[in-house]
Amino acid sequence: MTEKQYINRIKGMWPRDCDASLESIALADKAVSAFSRSPHLWCIRGDLIQLGPKECPHPLDEALASYRRAVELDAQCADAWESIGHYHDSVLDDESAAVPFFAEAHRLRGQQRAEPSAPPNRRPASHAAIRTPRRGGGR
């Protein structure tokens, strides 16, 4: 399976008003194993872990580790910076700690708009609407 095929398959499994399925989380794990240098897949994995059920095989803080891995791979990935901000705001309930991450995402998006050759970092369309983790704070 290609990276794009993984993304499309996961997008088709994206949770709609429910927890992420264990199957989608397992597929995201498989995808980052196959494409370990894809910041996009690491962000998706983090989102699914946050949205996962209580029996998710990963602790909630693994979502933050996924976002940080995405930033390590591509410091220009605005989605990863934004996801770290949302994690601090929603999961850790620390809005002030989230601010610099949101600011960096905003700065990067402004740069990308100014540079037409910059590739967009796009995630599933439903991603932006789903931000509040379904699970409680870190397990």
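Two residues are taken to be in contact when heavy atoms of each lie within 4.5 Å. On this criterion, Cys43, Asp47 and Gln50 of helix H3 meet Asp79, Ala80, Ser83, Tyr87 and Val91 of helix H5 in the predicted model. By residue class, this contact of H3 with H5 comprises four nonpolar, two polar and two charged residues. The axes of the two helices come within 10 Å and cross at roughly 20°. Because angles under 35 degrees count as roughly parallel, H3 and H5 are described as roughly parallel to each other. Their crossing is left-handed.

Helix H3 itself covers residues 39-50. With a rise of 1.5 Å a residue, its twelve residues should span 16 Å, and the computed separation of its end C-alpha atoms, 17 Å, agrees with this expectation. Twelve of the twelve residues of H3 are buried, so the helix is largely enclosed by the rest of the structure. The buried set includes nonpolar side chains such as Leu41, Trp42, Ile44, Leu48 and Ile49, but Arg45 and Asp47 also belong to it. The surroundings of these buried residues are provided by four helices, namely H1 (3-12), H2 (22-34), H4 (61-73) and H5 (78-91).

The packing of H3 against H4 was examined next. These two helices pack at an angle of about 170°, and their axes are 8 Å apart. Since this angle is over 145 degrees, H3 is roughly antiparallel to H4. The crossing of H3 and H4 is left-handed. On the H3 side, the contact is made by Pro39, Trp42, Cys43, Arg45, Gly46, Asp47, Ile49 and Gln50, while H4 contributes Glu62, Ala63, Ser66, Tyr67, Arg69, Ala70 and Leu73. The residues of this contact divide into eight nonpolar, three polar and four charged. Cys43, Asp47 and Gln50 of H3 are thus found in the contact with H4 and also in the contact with H5.

Two charged residues of H3 merit separate description. Arginine 45 has a relative accessible area of 6% and is therefore classed as buried, the cut-off being under 20%. Leaving aside residues up to four places away in sequence, arginine 45 touches Ala28, Asp29, Val32, His58, Glu62 and Ser66. Among these partners, Ala28, Asp29 and Val32 fall within the range of H2, whereas Glu62 and Ser66 fall within that of H4. Aspartate 47, also in H3, is buried as well, with a relative accessible area of 3%. The C-alpha atom of aspartate 47 is separated by 8.8 Å from that of serine 66, although the two residues are 19 residues apart along the chain.

Two aspartates in loops show unusual backbone geometry. Most residues other than glycine have a negative phi. Aspartate 17, in the loop between H1 and H2, nevertheless has a positive phi near 60°. At 79% relative accessibility, aspartate 17 counts as exposed. Aspartate 93 likewise has a positive phi, of about 50°, although it is not a glycine. This residue is placed in the loop between H5 and helix H6 (95-114). With a relative accessible area of 67%, aspartate 93 is exposed. In contrast to these two loop residues, aspartate 47 of H3 is buried.

Key. Residues numbered from 1 in each chain as written. Predicted model: local features only at pLDDT ≥ 70, side-chain atom pairs only at ≥ 80, totals over all residues. Heavy atoms only, no water. Buried < 20%, exposed > 50% of the residue type's maximum accessible area, 1.4 Å probe, protein only. Expected span 1.5 Å × (residues − 1). Axes fitted to C-alpha atoms, helices over the stretch in contact; angles between N-to-C directions. Parallel < 35°, antiparallel > 145°, perpendicular 65-115°, else oblique. Left-handed = near helix turned anticlockwise from the far one by under 90°.
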